[in-house]
Every structure is written in structure tokens, then in C-alpha cells.
Amino acid sequence: MGGTMESLISLVNRIQRACTVLGDYAAADTALPTLWESLPSVIVVGGQSSGKSSVLESIVGRDFLPRGSGIVTRRPLVLQLQKTDLGLQDYAEFLHMPNKRFTDFSMVRKEIQDETDRLTGKSKQISPVPIHLSIYSQNVVNLTLIDLPGLTKVAVEGQPESVVRDIENMVRSYVEKPNCIILAITPANQDIATSDAIKLAREVDPTGERTFGVLTKLDLMDKGTNALEVLEGRAYRLQHPWVGIVNRSQSDINKNVDMIAARWREHEFFARSTDYAHLSSKMGSEYLAKILSEYLESVIKARIPGISSLINRSIDELEAELNHLGRPVAIDAGAQLYAILELCRIFDRIFKEHLDGGRSGGDRIYGVFEHQLPAALQKLPFDHHLSLKNLRKMVSEADGYQPHLIAPEQAYRRLIESALNYFRGPAEASVDAVHVILKEIVRRSIGETQELKQFPTLQAEIAGAAVEALERFREDSKKTTLRLVEMESSYMTVDFFRKLPQEVEKGGNPAASSAERYTEGHFRRIGSNVSSYVQMVSETLKNTIPKAVVHCQVREAKRSLLDHFYTQLGKKEGKQLAELLDEEPALMERRQQCAKRLELYKSARDEIDRVAWSR
Ligand code: GDP
Ligand code: MG
């Protein structure tokens, strides 16, 4: 039983300590839910000089807190007690001085005073920023305790008017957390009805389930009076029994009466008292410490599943956010180059998926070849080019002074050559259409490369380099497709003309008498021969232009879209590489925060798992 409890409480202390290191303490307003808030701690509340610090000290069993009359405690003190193995010397550590072990506890007291003054000056000002102190000893039970400035009624010299309210608000901000255990300190020489501690406790914990009533200064009661009404629960009922305490008086403090002597005297006080002897086993600091621990154990046991799921939820959230934020940036040039190449590779893969299928885009290129190009070829104005009027004009121009005798060879050549020129348009248009599609695919692929979002500079550079490469491919593709067209006009398909019926028609002969040299039928035949030749070429180009376009643009984009960029990259120095990988500072900071927190939550989860399994 004892072992389980100690492991539980030390678990809580460990988690709390980890939280504290990360600034995850109660007063910090962070976006993430804090572990702190789901873990119980013990808070000492009461009027000024009611004996709060004294009670804390006697629970701890060490003298280390500033005590005395007037306002002594001016900042919250978060105190973690950790039980150590036998034989180790007791020591204390402040969070603000992580590497200093205090073994002289009077120095701890001095450091609390100094650290208070560092923030508030030597005035009587108060501050809500806590001081974190851990005490390691074999003589303590594992507990987290918080000492707070006392509640007051009026501001004194050096304090602003608002101090009464400020303190009350600060104290309330601690005690209203439903998982804090309230030690409500009331001096026995004061009427319980006027107790500030009880008033505040009742406000935040009306059922009294997390309030422990502590009555101090029993030794200072007027002769002939006693506190049995309160201690036996008749004056003010709480769910937990009231505990009476006798701390050291101011004169004891002045005389340096030590803790052991004080404990003994307290024990004697109850044992020998005629009023309290029957309660003596349930009175005193040691008993208070014991019932506190037992209660804490039950609370933590009940909370483990909740804490566990909070931790797991936080881990999920943090991991999702980290995923979203991307990996941290490499520091040395080699790793940076590697990271950049890796990002390029991811982009390139997505780009290829668009072309090869899997992602949309490639199908639109096929659409250009299947619909746009044939439609453009279909629409070429050959009818006009081969109109009777134009045929006559071209034929006679080609004939010159000597009308053709058998077939107008020159005219055929000219007619075909000028018709073939029309194919330049659809050829160039196909190149441009595919270029537009490829550019759009680059744009989409850039957007779909999640990993690049983190690096706006690199993202823009890669996009720029890809588009530049596409421009080069387009130039090359244009040259190649236009060359296909030119090749058609540089050498005619001889076979085509051999297969034509070789008739020497009458109309074919120059008729000297006629105003018209040739018949209309003759021109129509020429027109129809040219037209079917052009049609044949059109069929050929319909097949070869796509080949040229794919060869020069699509295949090249797949093969070497970023080649030029890689060459440039190779010439860059470390600093330039770093510039490519520059991130928004806010993003970097957020990632660091998340990673740190994730580490904390994971180690907390491991701790919880360990306890859960060992039960
Ligand atoms: P705090 O302001 O509530 O933290 O109170 P302190 O612990 O600093 O105590 C205030 C003064 O009351 C000190 O001088 C203590 O010695 C004295 N005091 C506290 N508890 C007792 C007690 O039980 N008996 C006697 N005689 N004096 C006490
Ligand atoms: Mg105090």
C-alpha cells in the first residue's frame, strides 16, 4: 500500500516537475491544456500571520521558509517534497538555479527572500509569479505544496490600494482549480466565523470535499477556553476532520528552537492537555501530513485514467501539428543540400504522377492530340486557297510566258508549298497548348507538395526553374514540329503523282484562239489533286506532330525538368542553400515548442504506463 502510494505521488511530482521546466505552470496561459491543471496539489490559504508558512514547514519537517509577523510571503512558493533513499543528505533545489544543491536550509530561506526581492524590489509588493523549490529528504512524504501570501484586510505602507483584492484574486486563482486540495489555516485565537481561509474555501469548495481545516495557535488561546467546538466539527462541518496544530511561537523562532524539539513540544501539548488528550492521536503536524497523503493518493488514483487520456490526446494533437509544420531544417550544408534534393524529388514524383496517371493532367495532353489538333487541321482554309480564282492566278503566274504543255509542274509545287505553310499554325498551337497544360501541372504539383509549404523561398525557386525548363522545351518543340512541316514541303512524295491518271486532255492544250487558255475542268482537276496531296500530308502531320511534342516537351519534362536547377544548386554555397531553406521564424519557434512539449508528454506517458503496469 505504502509503496504504491509513493510511486503514484512521486509520479505526479515528476510530471509536475517536467511541466514546470517547460513553463507549463498554473499561471501560464498557453493554448494547449496544461498537465498541471489535471494534477492535484496542496495549497495553504489563510490570513496574514495565521501560521501558513509554519504549517508548511512542519509538514516538511525542515526550517527553511521565511516566517514572522507582517507580510513575509510575497510570491507563491511551489514546493515539491521528494522522499529520498536512506542515507542521503537532505537538500533543496530551486528551479531558477538548476545546478545548485542547497544543504544549508537557512540559505534556502535567504534565497526565497532574495528571489522574492529580485522580482518585487525590497518593497512590500506582491507578485503572482511563483518560486519553484524542491526538497529532497528521507523524512518527507511525496507532496506538492504551495505557500501563498496571506489574505489581508488593508494595504500597508508601500503597497498599492489594490493589494487586498490582488492577493485575494491570486489566491482564488490557485484554489478554484477543482483538483487542488485546500489547507485552510485559521488561528485558534480568532473567531472561526471571521476566518478568511474558511470564507474563501467555502466559496470555491462548497461541499468541503477538498478542504482540510487546520487550527493553529492552540497554545495561544485564552486560559479556560478551548477549540473543541471547531476540532470536533461542530462549529463548522467539513468532510475531513479538523486538525489542531501547535507551531513555534515568534520567541521560539528568535531562540532558534529546532524542528525536532518543536515536534516534541507539540506532541506533549496534545498528550498533556486536559481538553485535547482524547484527540491527541488525531492532532499535530505529523498527523496532518499523513491524512493529506492518504487523501492525495485516492485522488490521484481516481485521476489516472483522465490524465492518461489527456496525455494521449495532447500527444495526438502535437503530432498532428508537427506533421503539419514539417520537419526541422538541417544545419550543415551537406544536410541542407540533401534536404533540398529530397524536396525536389518529392515534387518531381508528384509532377510525374500527373503525367503518367494517378493524378489528373496527362489526359488533357492526349485531348490536345485527339481533338484540338485534328479540329485545327480540319479548319485550315484550303477551300479558299484552291478556289478557281486562286488556281487560275497561281497557275498562270507559275507558267509565266510559256503556258504549261502537259502538267503544270511549277504550279503544283507552288500550290502545294503555299498550302503546306498553313500547317505551321496547328503545329505551333499544339506546342503551346501542351505547354499551358504542363505549366498548370507544375503549378498544381507545387501546391500538392506539402513538404514545400514550409519553405516559401525554395517553393518559388523550384516553380520558377520548372517553368523556365518548360519554356526551353517549348522552344525546342516548336523548332521540331515546324521542321516537320518544312520537311513536307522540301520533298514531295513522288509516288503520289505517279499514281495520278496521266491523261493528256484536250483542255490541257493551250488554245490559241480562246481567251481562256485552259478549261475550268482542267483547273478543278489541279485543285483536286493538290487538295488530296495536302490531305495526305495532313494525315501524316496529325500523327507526327504529337510524336514531336511528346518527344520534346512531355518526355523531356519527365526526364529533366529540374536538371538545370540541380546544376545551379551544385554551385551554391552553404549560405545560399540556407537561404533557400529559410522558414518563417514563427513557424520555427512553434515547431520547437511543439517538439519540446511532445517530448514532455511522451515521457509523462511512459511514466504513467510504468505505474499502471506495476500495479
Ligand atoms: P504566515 O504569515 O501565515 O505564513 O504565518 P507564519 O508562519 O509566518 O507565522 C506568523 C507568526 O505566528 C510567527 O511569528 C510564528 O512564530 C507565529 N505562530 C504561527 N503558528 C503559531 C502557533 O501555533 N503558536 C504560536 N505560539 N505562534 C505561532
Ligand atoms: Mg507565510
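**Notes on a predicted protein model with one bound ligand**

1. A backbone N or O atom of R248 sits 2.8 Å from an oxygen atom of ligand 1, in what should be read throughout as a predicted model. Taken by itself, ligand 1 would expose 580 Å², and the protein buries 96% of that area.

2. Two further pairs of atoms help to place the ligand. An oxygen atom of ligand 1 lies 2.9 Å from a backbone N or O atom of S53, whereas at D219 the partner is an N or O atom of the side chain, 2.8 Å from a nitrogen atom of ligand 1.

3. The surroundings of the ligand can be described residue by residue. There are 18 residues around ligand 1, and of these K52, S54, N247, R248 and Q250 come nearest. By character, the shell divides into ten polar, five charged and three nonpolar residues. Helices α2 (52–60) and α7 (250–254) each supply at least two residues of this shell, and α2 gives the most, with three residues.

4. The loop between β1 (41–46) and α2 holds S50, and S49 lies in that loop as well. S50 counts as buried because its relative accessibility is 2%, and the cut-off for buried is under 20%. S49, at 33% relative accessibility, counts as partly exposed. The backbone of S49 also deserves a look, since its phi is near 65°, a positive value in a residue other than glycine.

5. Which residues does S50 touch, not counting those up to four places away in sequence? They are I185, P187, T216 and K217. K217 belongs to the loop between β8 (211–216) and α6 (228–231), and although K217 is not a glycine, it has a positive phi of about 55°. With a relative accessibility of 26%, K217 counts as partly exposed.

6. Turning to the interior, the largest nonpolar core has 69 residues, among which F347, F423, L458, I462 and L561 touch the most other members. Helix α18 (residues 520–560) contributes the largest share of this core, namely twelve residues. A second core, separate from the largest one, has 52 residues and includes F105, I135, V140 and L288.

7. F347 is a useful residue to select when inspecting the largest core, for it is one of the residues touching the most other members. If neighbours within four places in sequence are left aside, the contacts of F347 include V442, S445, I446 and T449, together with L452, I462, A466, L561 and L562.

8. Is E321 buried or partly exposed? At 24% relative accessibility, E321 counts as partly exposed, and its place is in helix α9 (residues 285–325). Not counting residues up to four places away in sequence, E321 touches R590 and C594. E321 and C594 are 273 residues apart in sequence, yet their C-alpha atoms are 7.8 Å apart in space.

9. Some totals put these details in context. The protein has 21 helices and nine strands, and of its 615 residues, buried ones make up 49%. Among contacts between residues at least 6 apart in sequence, 80% join residues at least 24 apart, and the contact between E321 and C594 is one that spans a separation of 273 residues. The protein exposes about 31,100 Å², with carbon and sulfur atoms supplying 52% of that area.

Technical notes
Residues numbered from 1 in each chain as written. Chains lettered and ligands numbered in written order. Predicted model: local features only at pLDDT ≥ 70, side-chain atom pairs only at ≥ 80, totals over all residues. Heavy atoms only, no water. Core = buried A, V, L, I, M, F, W, Y, C linked by side-chain atoms within 4.5 Å. Buried < 20%, exposed > 50% of the residue type's maximum accessible area, 1.4 Å probe, protein only. Helix = DSSP H or I, 4+ residues; strand = E, 2+ residues; numbered from the N terminus. Contact = heavy atoms within 4.5 Å. Near = heavy atom within 4 Å. Polar contact = N/O pair within 3.5 Å; in protein donor to acceptor, adjacent residues only side chain to side chain. Areas by Shrake-Rupley, 256 points an atom, 1.4 Å probe, with all protein chains shown as cover. Nonpolar A, V, L, I, M, F, W, Y, C, P; charged D, E, K, R; others polar.
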